[in-house]
Amino acid sequence: MKLTLNSQISLLMEAADLVCAYVNRSDVTTLIAASPYGIPADEVGRMMEQACGHLDRTSERMRFYFQGYPVSDPQSRQERLTCVAFMLIYSILSSCSADLESTRAELMNHPVGRGEPFEIVNHSWSSIGIRMSETYRPLSKELKKLDVPEDLRLQLAEVFSNYTAHVTQLCQLLIPVGEKLLPLLAPWWDKMRPRLEQWQSVLNTEKGRHELLRRINIALEDLDTVYVSLRVFRPFCTEGMYNVLSNNFFYSVGLDIAPFGEEKESLTREDMVTLRILSSADRIEILRAMSGRVMTPKELAQELNMNPGTVFRSLNSLFNEHLVDMVVDGIHRSYTTNKENLRQFVQDLLGYILKE
């Protein structure tokens with residue numbers, strides 16, 4: 001398995017984040033972080049005007065793809081704006097490239113666009129975990145798994161029912177923005193080289209590679225490549241996505257997130273979320289049931305006599321907090337308790353409380 005740090009701008013993704021903020025008139029400070037590598041707010045505002053100023057933010061097509069819906073972010077427990085464009089791009093696209101045509105081709109060539117059956121296995125506030133299925137699954141039933149507003153669910157039903165047409169329209173909106181955005185971002189991207197070099201240095205060590213794989217918390221047989229990409233306009237979180245077609249994993253890291261290994265001086269927001277996740281008796285029983293073995297959501301629901309929807313949501317929360325691993329065997333996915341991460345969290349928490 002290879003670990004590759006991307007040195008290019010993930011241009012289509014950055015363009016989507018910028019357009020979403022433009023259409024919803026979001027404060028530009030939501031796009032940046034208080035980091036020595038962050039772009040000043042007034043400069044982001046100028047970029048937005050130059051790259052997005054030609055767009056009619058009130059048009060029906062723009063509102064369809066970029067209208068913001070407040071959805072809870074499992075990692076921070078904050079509400080963030082998501083949209084149809086995010087749910088499409090971040091669910092399908094796994095490349096890290098400034099080449100807009102190659103990213104457009106990747107979106108267009110996905111099996112979902114060829115009408116192949118798929119199922120939803122989990123979701124975050126901005127993306128859906130999709131895997132191809134051996135059997136047809138009703139789209140309406142799959143979308144009911146998503147904890148999102150009903151209007152967004154209906155829009156997603158339309159998008160996945162007419163996938164190629166919607167990808168074409170979305171790219172027609174975003175590619176001109178990306179073309180204008182690239183020269184605006186390039187000088188700032190050059191200034192971010194020290195952060196890239198920090199990550200490269202860490203990932204060149206065995207300890208750094210091990211820590212990255214631990215944080216990804218997904219157990220994959222013969223995984224080909226893990227791509228790490230720094231993000232400009234999504235600095236507040238990290239996200240990962242497994243591409244079952246290429247057998248690669250795409251890991252997106254905000255610029256304000258320092259490489260691994262820094263000493264913890266206080267409980268982080270993520271620590272508090274993990275504590276809240278572990279306060280649920282149902283989730284504790286799920287972790288206990290999967291300790292030392294791999295189980296599917298259906299097996300868990302049957303063994304613990306739980307509602308399948310409750311199990312699905314609990315697994316999604318536990319996976320987001322790195323407390324379970326997802327095991328991929330072909331197109332099938334199961335889960336198992338990540339004992340190492342669970343043990344490490346408990347030890348870190350005890351050490352912090354005891355000031356050790």
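**Exercise 1.** Work out which side chains of strand 2 (residues 69-72) are buried and which are not.

*Solution.* Start with the terms: strands are DSSP runs of E with at least two residues, helices are runs of H or I with at least four, and both are numbered from the N terminus. Buried means under 20% relative accessible area, exposed over 50%, and partly exposed in between (1.4 Å probe, protein chains only). Next, sort by face: Y69 and V71 point to one face and are buried, while P70 and S72 point to the other and are not. Then look across to the partner: strand 2 pairs with strand 3 (residues 79-82) in the antiparallel sense over four bridges, where pairing takes at least two DSSP bridges between the strands. Finally, find R80 in strand 3, which stands opposite V71.

A word on the model: it is predicted, so local features need pLDDT of at least 70 and side-chain atom pairs count only at pLDDT 80 or more, while totals for chains, interfaces and linings use all residues. Residues are numbered from 1 along each chain as its sequence is written, and side-chain values use heavy atoms, with hydrogens and water left out.

**Exercise 2.** Explain why C20 and C83 form no disulfide.

*Solution.* First recall the cut-off: a disulfide is a pair of cysteine sulfur atoms within 2.5 Å. Now check the distance: the sulfur of C83 is 3.9 Å from its closest cysteine sulfur, in C20, which is too far for a bond. The count of disulfides therefore comes to zero under the 2.5 Å rule. Last, check burial: C20 counts as buried at 4% relative accessibility, and C83 does so at 0%.
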